[in-house]
Amino acid sequence: MCSRIEMEGPVYNTRDLGGYTGKDGRSIRPHRLIRSGALGKCTESDIRRLTEEYGLKTVVDLRTNGERTELPDPEIKGIEFIHDPLLSDTMLGITREGQEQADSLSAMIQDLLKEAENHPKEKMEAIYLALASDTFSVTGLKHFFEILLAQKEGAVLWHCSAGKDRVGTATALLLTALGVDREVIIRDYLLTNGYLEPETEAMIAKVAEKVQNERILNGIRILNGTERSYIESMFAETERQCGSTEAFLRERLGLTDEKTERLRDMYLE
């Protein structure tokens with residue numbers, strides 16, 4: 001079972017994937033694979049913990065250029081930062097992943113007013129479908145696995161904004177490659193809801209001061225959360241394209257049998 005990494009700053013969704021059971025009963029090594037939200041609000045104590053306790057060596061930023069400009073990652077001596085966007089700025093749309101910490105509240109409300117009539121759940125599912133089908137996204141996912149295969153030592157951390165949609169997709173595919181059971185993968189994905197709940201409720205409280213509209217408040221919960229149907233739509237798209245998610249990893253992301261075995265040898269014990 002993975003463990004949440006408690007952060008001092010408002011970085012709520014950081015987790016060490018160590019402990020999940022993968023192929024042949026082997027477990028993911030601790031302090032090697034870390035999923036997270038954006039690091040821009042980490043404190044110095046958080047950075048020391050990631051580097052000294054968890055042995056962080058590489059950070060993979062899955063955000064767009066626009067998001068990185070809004071909330072840059074902190075510079076950390078000795079850490080390699082790699083930009084590997086999984087969505088373009090135009091594809092990002094209204095997903096909470098592009099809202100950062102909802103600094104522009106009025107703009108967010110306007111977006112939510114517009115999207116309240118447009119089936120936000122369906123839009124979220126469409127984003128997950130795009131992550132498995134759009135050429136830009138598939139290229140980014142392929143690069144993500146190349147980065148993991150090049151990680152000789154220490155931990156690699158990958159993040160987007162909230163650590164749920166793009167990170168959720170990349171993590172689900174990685175855990176699949178490592179041989180983790182599908183239901184365990186989905187449970188890991190859904191843990192985000194509990195971890196982001198304090199942030200979500202705070203955001204809702206701020207919006208409720210200005211707008212008393214249950215559709216909008218529920219829209220915030222949808223955009224700031226995860227649902228089983230979202231990640232299942234991603235898996236379904238990989239299966240539609242290639243027959244199975246494993247075949248998708250091999251045929252679309254270049255994860256040959258040899259690379260898959262090497263990945264397992266690197267990250268399982």
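A strand here is a DSSP run of E of at least two residues, numbered from the N terminus. Ser36 lies in one of these, strand 3. The model is predicted. Keep Ser36 in mind; the tour comes back to it.

**Whole chain**

Start with a cartoon view. The protein chain has 12 helices and six strands. It holds 269 residues, and 54% of them count as buried. Switch on the surface: about 11500 Å² is exposed, with carbon and sulfur atoms supplying 47% of it. Now think about contacts between residues at least 6 apart in sequence. Of these, 74% join residues at least 24 apart.

**The sheet**

Select the six strands. They make an open sheet with mixed pairing, in the order 1-2-3-6-4-5. Colour residues 3-4 and 80-83: these are strand 1 and strand 5, the edge strands, each paired on one side only.

Strands of a sheet pair through backbone hydrogen bonds, either parallel or antiparallel. Both arrangements can be seen at strand 3. Select residues 33-36 together with residues 155-159. Strand 3 and strand 6 run parallel here, joined by four bridges. Leu33 stands opposite Val156, and Ile34 stands opposite Leu157. Next add residues 15-16. This is strand 2, which runs antiparallel to strand 3 and is joined to it by two bridges. Look for Arg15, opposite Arg35.

**Two faces of strand 3**

Show the side chains of strand 3. In a regular strand the side chains alternate between the two faces of the sheet. Leu33 and Arg35 are on one side, Ile34 and Ser36 on the other. Which of these faces is covered? Both are, and all four residues are buried.

**Ser36**

Centre on Ser36. Its relative accessible area is 0%, under the 20% cut-off, so Ser36 counts as buried. Its side chain makes a polar contact of 2.8 Å with the side chain of Thr14. Expand the selection to residues that Ser36 touches: among them are Val11, Asn13, Trp158, His159, Cys160 and Val167. Gly163 also touches Ser36. Draw a C-alpha to C-alpha distance between Ser36 and Gly163: it comes to 5.1 Å, although the two are 127 residues apart in sequence.

**Helix 6 and the cores**

Select residues 135-149. This is helix 6, which lies across strand 3, strand 4 (56-61), strand 5 and strand 6. The angle between helix 6 and strand 6 is about 160°.

Then pick Phe145. Not counting residues up to four places away in sequence, Phe145 touches Leu173, Leu174, Ala177, Leu249, Leu253, Leu255 and Leu263. In soluble globular proteins, nonpolar side chains tend to be buried together. The largest nonpolar core in this chain has 53 residues. Which members touch the most others? Highlight Ile28, Leu33, Phe145, Leu148, Trp158, Leu174 and Leu263. A second core of 15 residues is separate; to find it, select Cys42, Leu50, Tyr54 and Ala155, which are included in it.

**Last stop: Asn224**

Go to the loop between helix 9 (214-223) and helix 10 (228-242). Asn224 lies there. Is Asn224 buried or exposed? Its relative accessibility is 2%, under the 20% cut-off, so Asn224 counts as buried. Show Thr200 as well. The side chains of Asn224 and Thr200 are joined by a polar contact of 2.3 Å.

Note on methods. Residues are numbered from 1 along each chain as its sequence is written. This is a predicted model: local features need pLDDT of at least 70, side-chain atom pairs count only at pLDDT 80 or more; totals for chains, interfaces and linings use all residues. Side-chain values use heavy atoms; hydrogens and water are left out. Two strands pair if DSSP finds at least two bridges between them. Contact means heavy atoms within 4.5 Å. Axes are lines fitted to C-alpha atoms, for helices over the stretch in contact, and angles run from 0 to 180 degrees between N-to-C directions. A nonpolar core is a set of buried Ala, Val, Leu, Ile, Met, Phe, Trp, Tyr and Cys residues joined through side-chain atoms within 4.5 Å. Buried means under 20% relative accessible area, exposed over 50%, partly exposed in between (1.4 Å probe, protein chains only). A polar contact is a pair of N or O atoms within 3.5 Å; within protein, one must be able to donate a hydrogen and the other to accept it, and residues adjacent in sequence count only if both atoms are side-chain atoms. Accessible areas come from the Shrake-Rupley method with a 1.4 Å probe; for residues, only the protein chains shown count as cover.
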